[in-house]
Amino acid sequence: MNVTVVGAGIAGLTAAWRLQRAGCDVVVVEASDRPGGRMTTDLIDGHAVDRGAQFLSTRYRVILDLLREFDLEAQWCESTQRSAIVKGGRPLAMEATRPLDARQLVPTASLLRLAWHRWRSARRVERADTSSYASWAAVDDVTLSGWLRQHAGQDVLEYIFEPMVHGFYFQTPEETSFALGMVLMEFGVRRSRTCALRDGLGVLPQALAGRLDVRYESPVISIERRDGCFAVQATAGVVATDGVVVAVPAPMAKRILVSSGTPLDLDTAARDLLLTEYSASINVACLLDEAFELPDPLRCCYGLLVPRLERGAIAAVGIENNKRPTAHGRACHLNLMFDADAAQAHMRDDEAAIVDVALRDVRPWLGDLSRHVRQSRVFRWPLAEPKSRVGRARLIATYRQHCACDGPKVVLAGDYVGMPFTEGAAESGEWAASSLLAAMTGESSAA
Ligand SMILES: Cc1cc2nc3c(=O)[nH]c(=O)nc-3n(C[C@H](O)[C@H](O)[C@H](O)COP(=O)(O)OP(=O)(O)OC[C@H]3O[C@@H](n4cnc5c(N)ncnc54)[C@H](O)[C@@H]3O)c2cc1C
């Protein structure tokens, strides 16, 4: 069986790898000149700089399996497990293993109310799977902000969840489902630990792509049904195939599928998923000289989140030396991430102007960095993360049910068809591969 995978991000590569292992002849068609999409790493002055995705977690089941399969376990490194949130203009550091450290941010009574109501809601979720967003459909019925105001209070909303939801996904709690809030709490309850890869997260997509037939610099334009199979039309030519996994962000997938002249078995849920909106961000990577020292509260932190009540342009700071403590020399490396509105406002500015905004913005917490910057690099992400509005988890569950019943041979994958992070993208790729295999083998056995 011939299969074509469109897009060499972690979703497409995972799907392709699983299909190849199952005996399919797989071709991956990718628009850019490298694998990994939003999970890529650049080497700058000997430093591995993660361009998009920054952190992994010990709860990332599919990614961990892939790392094992590719003998990359030695790449795995734990961050310091200490992070900070700004309150009253000061970064307050907290240990991930000590949930009560959050008392620095909100009253203990609010934390207890939160814990009680989370426990009650958790009973509605049958399978609390932090890799599969569809499994949270039962609690995907209210906004995160609405639920928190009712059950935990405004301070928990503004100083715990808003900075996390914006710092991780660049979106507001008002446009985010309670389902994603429950997922965040599940990571906490399960004591998940924050991790990274020694040579950058791009190492994993690189390894996958190295074992697959990937055709680079060949954007796919359309997919046509032709004589019982499919013709994938890319700028570099046409690939004839028995099944397709479309693993590109929703707006690109919509363009490809809508330009296709023939119906491709897309049900209503698939069409709705293709309308998923995305948040934007810009990541400014700064390599600093050896004279720079992290201020005291941040000395052992791998990250800093800035709540909307306290921030200008920067929502999150990754402190690379503490993210990968064993991989660094003395020089400090920071990743400064723009909040969604600021990213939209500055997306087309030139690089120097963006760096300037970022450095000015973090001055209250990190001091005057401009004197210390040796190198900087700007990564623009107009489609940084899929928004998890109320209903997305339910939509994914419905779409997956449709695929199980009707076995379409054009299947969607990507973080908008799963959790809105690398693990969700990989899990959606794994799911798409098994869905397509079932559809194709069903037909061949019937034939
Ligand atoms: C700034 C930032 C920080 C993040 N931080 C984290 C984090 O800390 N932890 C985490 O787990 N996740 C994080 N994420 C999210 C994570 O990067 C994504 O969820 C994940 O990488 C998405 O993978 P994907 O395969 O679905 O899509 P993508 O990585 O976007 O891959 C899609 C691929 O399709 C290709 N493509 C597009 N159009 C076409 C076409 N027409 N034809 C062929 N190919 C095409 C693209 O070039 C790309 O390679 C972050 C994202 C950003 C932007």
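**A walk through strands and helices**

Start by selecting Val27 and Asp213: Asp213, in strand 10, is the bridge partner of Val27. Before moving on, note that this is a predicted model, where local features need pLDDT of at least 70 and side-chain atom pairs count only at pLDDT 80 or more, while totals for chains, interfaces and linings use all residues. Numbering runs from 1 along each chain as its sequence is written.

Now widen the selection to strand 2 (residues 25–29) and strand 10, which pair in the parallel sense over three bridges. Strands here are DSSP runs of E, at least two residues, and helices are runs of H or I, at least four residues, both numbered from the N terminus. Two strands pair if DSSP finds at least two bridges between them.

Next, bring up the whole sheet. It is open, has five strands in the order 10-2-1-14-20, and the pairing is parallel. Strand 10 (213–215) and strand 20 (410–412) sit at the edges with a single partner strand each, so one side of each has no neighbour in the sheet. From one strand to the next, the twist averages 20°.

Jump to strand 18 (residues 333–338). Buried or exposed, what are its residues? Six of the six are buried, so strand 18 is largely enclosed by the rest of the structure. (Buried means 20 or more other C-beta atoms within 10 Å of the residue's own; 12 or fewer is exposed, in between is partly exposed, and C-beta atoms are placed from the backbone.) Colour the two faces separately: His333, Asn335 and Met337 are on one side, Leu334, Leu336 and Phe338 on the other, and both faces are covered. In a regular strand, side chains alternate between the two faces of the sheet.

Add the partners. Strand 15 (residues 278–288) pairs with strand 18 in the antiparallel sense over five bridges; look for Asn283 opposite Met337. Strand 17 (residues 314–319) also pairs with strand 18 in the antiparallel sense over five bridges, and Ile314 stands opposite Phe338.

Last stop: helix 4 (residues 144–151) and helix 5 (residues 154–169). Their axes come within 8 Å and cross at roughly 150° (axes are lines fitted to C-alpha atoms, for helices over the stretch in contact, with angles from 0 to 180 degrees between N-to-C directions). The two helices are therefore roughly antiparallel, a label for angles over 145 degrees. To see the contact (C-beta atoms, placed from the backbone, within 7 Å), select Leu144, Ser145, Leu148 and Arg149 of helix 4 with Gln154, Val156, Leu157, Phe161 and Val165 of helix 5.

How values were computed
Parallel < 35°, antiparallel > 145°, perpendicular 65-115°, else oblique. Contact = placed C-beta atoms within 7 Å.
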